[in-house]
Amino acid sequence: MPDRTGAPNRAWQRMLSGRRLDLLDPSPLDIEVSDIAHGLARVARWNGQTFGDHAFSVAQHSLLVEKIFALRNPAAGLSEQLAALLHDAPEYVIGDMISPFKAVVGGGYKDCESRLQQAIHLRFNLPSILPETLLRDIKKADQIAAYFEATGIAGFSISEATQYFGRPRDISSDSFDLTPQPATTMQVAFLKRFEVIVEKMGG
């Protein structure tokens with residue numbers, strides 16, 4: 001549909017890197033890790049309903065998931081670790097929509113998220129669609145992180161969090177710092193972890 005001037009509605013976003021990312025047909029060439037780190041560090045998990053002086057960002061969550069994934073999958077290669085780190089990367093563009101609202105919105109959101117994820121994977125030399133076994137392992141790490149976040153900083157009771165995310169049996173939250181950190185701190189931390197993995201990969 002056109003906007004009020006008669007021109008087609010804008011379906012792209014200008015990034016701070018200068019890239020113009022088409023949301024309907026994202027190109028891997030328009031994706032920069034600096035934009036991803038900047039955006040994810042400023043997107044709040046749990047719609048911002050967390051304790052602390054700062055939001056618990058998607059960047060901080062992504063680092064947590066990658067750590068949990070690596071602990072649970074010690075034989076995982078560097079590309080698998082990178083996939084875990086980037087599992088929520090599309091949210092630098094579309095934000096972090098809580099699961100109940102995703103269910104209401106339905107397919108349009110999921111289609112856009114999927115296209116962005118595939119473009120991000122291609123940009124960083126990962127398969128556009130990850131193997132099912134890897135997806136399951138990342139999802140499990142994501143659920144464990146969600147449980148720790150829910151009970152540690154989002155006000156969920158243990159029984160409530162267990163109902164929605166399952167209760168971890170083989171790992172403790174004592175291994176992780178769940179204190180929400182400033183956006184700039186997590187932006188730098190995300191970029192640093194990305195660069196360490198990519199450098200080891202020879203990229």
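Which residues does His-87 touch, not counting residues up to four places away in sequence? The legends below take up this question along with other views of the structure, which is a predicted model.

**View 1. Overall fold of the protein chain in the predicted model.** The secondary structure of the protein chain comprises nine helices and two strands, and the order of these elements from the N terminus is β-β-α-α-α-α-α-α-α-α-α. The chain has 203 residues, of which 42% count as buried, and its accessible surface amounts to about 11000 Å², with 52% of that area belonging to carbon and sulfur atoms. When contacts between residues at least 6 apart in sequence are considered, 65% of them join residues at least 24 apart.

**View 2. The crossing of helix 2 and helix 3.** Helix 2, covering residues 58-72, and helix 3, covering residues 78-85, have axes that come within 8 Å and cross at roughly 145°, and the crossing is right-handed. On the side of helix 2 the contact is made by Ser-62, Leu-63, Val-65, Glu-66 and Phe-69, while helix 3 contributes Glu-80, Gln-81, Ala-84 and Leu-85. By residue class, the contact of helix 2 with helix 3 is made up of five nonpolar, two polar and two charged residues.

**View 3. His-87 and its surroundings in the loop between helix 3 and helix 4.** His-87 is located in the loop that joins helix 3 to helix 4, the latter spanning 91-94. Because its relative accessible area is 14%, under the 20% limit, His-87 counts as buried. Its side chain reaches the backbone oxygen of Ala-84 at 2.8 Å, and Ala-84 is also one of the helix 3 residues in the contact with helix 2. Leaving aside residues up to four places away in sequence, His-87 touches His-61, Ser-62, Val-65, Gln-117, Ile-138 and Asp-142; among them, Ser-62 and Val-65 also take part in the contact of helix 2 with helix 3.

**View 4. Trp-46, a residue with positive phi in the loop between helix 1 and helix 2.** Although Trp-46 is not a glycine, its phi is positive, at about 60°. Trp-46 lies in the loop between helix 1, residues 33-40, and helix 2, and it counts as buried because its relative accessibility is 15%.

**View 5. Asn-125, a residue with positive phi in the loop between helix 6 and helix 7.** Asn-125, likewise not a glycine, has a positive phi of about 60°. The loop that holds Asn-125 runs between helix 6, residues 107-123, and helix 7, residues 132-152. Asn-125 counts as exposed because its relative accessibility is 70%, whereas Trp-46 counts as buried.

Key. Residues numbered from 1 in each chain as written. Predicted model: local features only at pLDDT ≥ 70, side-chain atom pairs only at ≥ 80, totals over all residues. Heavy atoms only, no water. Axes fitted to C-alpha atoms, helices over the stretch in contact; angles between N-to-C directions. Helix = DSSP H or I, 4+ residues; strand = E, 2+ residues; numbered from the N terminus. Left-handed = near helix turned anticlockwise from the far one by under 90°. Contact = heavy atoms within 4.5 Å. Nonpolar A, V, L, I, M, F, W, Y, C, P; charged D, E, K, R; others polar. Buried < 20%, exposed > 50% of the residue type's maximum accessible area, 1.4 Å probe, protein only. Areas by Shrake-Rupley, 256 points an atom, 1.4 Å probe, with all protein chains shown as cover. Polar contact = N/O pair within 3.5 Å; in protein donor to acceptor, adjacent residues only side chain to side chain.
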